[in-house]
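Biologist: Please take a close look at a single strand of this model. I should like to know how it is covered and how it pairs with its neighbours.

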Amino acid sequence: MTKERILGIHNLSVVVPEEQGHPEISILNGINLYLKKDEHVGIIGGSGSGKSVLMNAIIKSLQEPLVIKSGEVVLGSENILTMKHDQLNNKVLGKRIASICPNPNWRLDPIEPVGEQVKNIYLSHFKVKEAEARTRVLELFNMVGIPDATTRYNAFSHELSGGMAQRVLITMALICEPEVLLADEPTGGLDVTIQMQVFDLILRLIREKQRSIIIASRDIGLIYHLCNHIYVLKEGRIVEAGNIKDVIQNPIHPYTCKLIKLSESNYKIRRSQEYMDLLQTTDNKYYKLCEENAAHCKDGYLMFENEHIVRVCK
Amino acid sequence: MMKATNKGKRNFFIKKYINVYLIIGFVILVPLILVTFFADKIAPYDPTTVFSGEYLMGLSNKHIMGTDSLGMDIFSRVMYAPRIDLIIGILATSLGTIIGVPLGLFVGYFESRKGINGKISLVLIRILDVIQAFPVFILGLAIVAVTGQKVINVIYVLGFIWIPVFARLVRVETLRTRDKLFVLQERAIGQKNSVIIFKHILPNAISPAITQISTSIAASILLTAGLSFVGAGVRMPHPELGLMISIGSGNMITGQWWPTVFPGIILAILVFGLSMIGEGITISIDPRNWK
């Protein structure tokens, strides 16, 4: 059963370009990532592994001084990275790809009512009447579980809790019915109970309309429950990729092992010797992996069954 | 029942928008404006009548604030003078604001971005630098030399000077705002540039400019005096606060303080009232201060 592929990232590299005195710094290095229809892809990796940069690169909204050096992001049949600004704005962003981000309170205009903000996005993408747009916003507010939506429509971002603001942002992402959702740490900055609510909401949303979603998170539990495909990012490279069950249950790359092991460990073993050893896992294991499998290695990657790929070279 | 809701609405409005700065500002400015507006009715003398032989008379019942070196009644002149000052100050500042604010928004939003807009804004910011570096009095003299001494020219000159001031204020705030997360969010969701600029950046970047408006009106009045002094502003018999101060300042040394001090006090009250209103507006348009 092969499904239609809707988003493909081929050989994407992002760099901080060379300046006087600074050599070029590589942020993302040859990323290949595919998203099929109705598939949920998870990206895990430590801080600074390039998760957010990857998410921003997909929608071509990298901040200075980051520059896309090579590669392409293919949505349907078009390459997003070569599109003109207007075309990208009018046809792709919001309508076909939308993102959900962390720090929800900071992502809402402090001096405009939140409902108006969502409405304005709908109005600039579709030619509809004001009242119609308002009804649609209220409808979505109810759907994502914002209580007393009519009052919240006129609320300002500083009057909302983190969970509520995150719901408003999710509404903002959903309002134009995009095919692909990008969720960059959707539960970042929220406490555990609110995390659960947002998590349930995302689960419901992707099940209901069979949306495709890419989720970047440090929370392996979240990824495990939501996704069916996983990519492990380390220092701007994909080090392991495959079916979620294969990767989480039989991790091969030492970094993946470490991430999974550490996320399992709870506060009781935080002081144990095993934990300390784990923290100090060095790069030696890479070389071991590399030497052992040199014969089967293809472009630095090892292939296992079920499209399970592991990077073995440093 | 109906009355109750109306009262509720009014209370809400008062709580939302009215603050102590606005009240102080209005309490000061409203009487001042009323007096200057009805000056013809209440002033004891015509402001340009010369009482021959009564030069530099001290305070008396006939001349409450004394007379100046030409023998004109200072009390009457002080009543008339804010008229021309307020007109010049408000019009010149509006001119600067109307041109400067959009310019600053444009420059700030597109500065150091790729594309044609980025290049235009680079050129614009240099032009603004040049305008700001240009000496105001030379400019005033030049314009007056070409078009003649009219109040409207003073307004043009001052308005021209305020353009870079407002543009730079708004530019800095725009630069600060444009990389805030909520702007990035709007861009990521495909919002139009025009909506981002006018609905999100402008309201967030405008408050220093609003405070500047009241300062600018006050500074315009002072600059008018300077322009009058070099012969490019308001001409002598016409009552104008800055002109009265600059002419009267010569008599300070010999002990006649009244030709300078009274217009100075009125000017200070005017400026204080304007800045209170500016401060009050800045506070009342920010939803974070609404209760």
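Modeller: The answer below treats strand 8 of chain A, first its burial and then its pairing.

This is a predicted model, in which local features need pLDDT of at least 70 and side-chain atom pairs count only at pLDDT 80 or more, while totals for chains, interfaces and linings use all residues. Residues are numbered from 1 along each chain as its sequence is written, chains are lettered from A and ligands numbered from 1 in the order in which they are written, and side-chain values use heavy atoms, with hydrogens and water left out.

Strand 8 of chain A spans residues 212-217; a strand here is a DSSP run of E with at least two residues, numbered from the N terminus. Strand 8 is mostly covered, with 6 of its 6 residues buried, where buried means under 20% relative accessible area (exposed is over 50%, partly exposed in between; 1.4 Å probe, protein chains only). In a regular strand the side chains alternate between the two faces of the sheet. Here A:Ser212, A:Ile214 and A:Ala216 point one way, A:Ile213, A:Ile215 and A:Ser217 point the other way, and all are buried.

Two strands count as paired if DSSP finds at least two bridges between them. Strand 8 of chain A runs parallel to strand 3 (residues 40-44) of chain A, to which 5 bridges join it; A:Ile213 is the bridge partner of A:His40. Strand 8 also pairs in the parallel sense with strand 7 (residues 180-184) of chain A over 5 bridges, and there A:Ile215 is the bridge partner of A:Ala183.

Terms used: Helix = DSSP H or I, 4+ residues; strand = E, 2+ residues; numbered from the N terminus.
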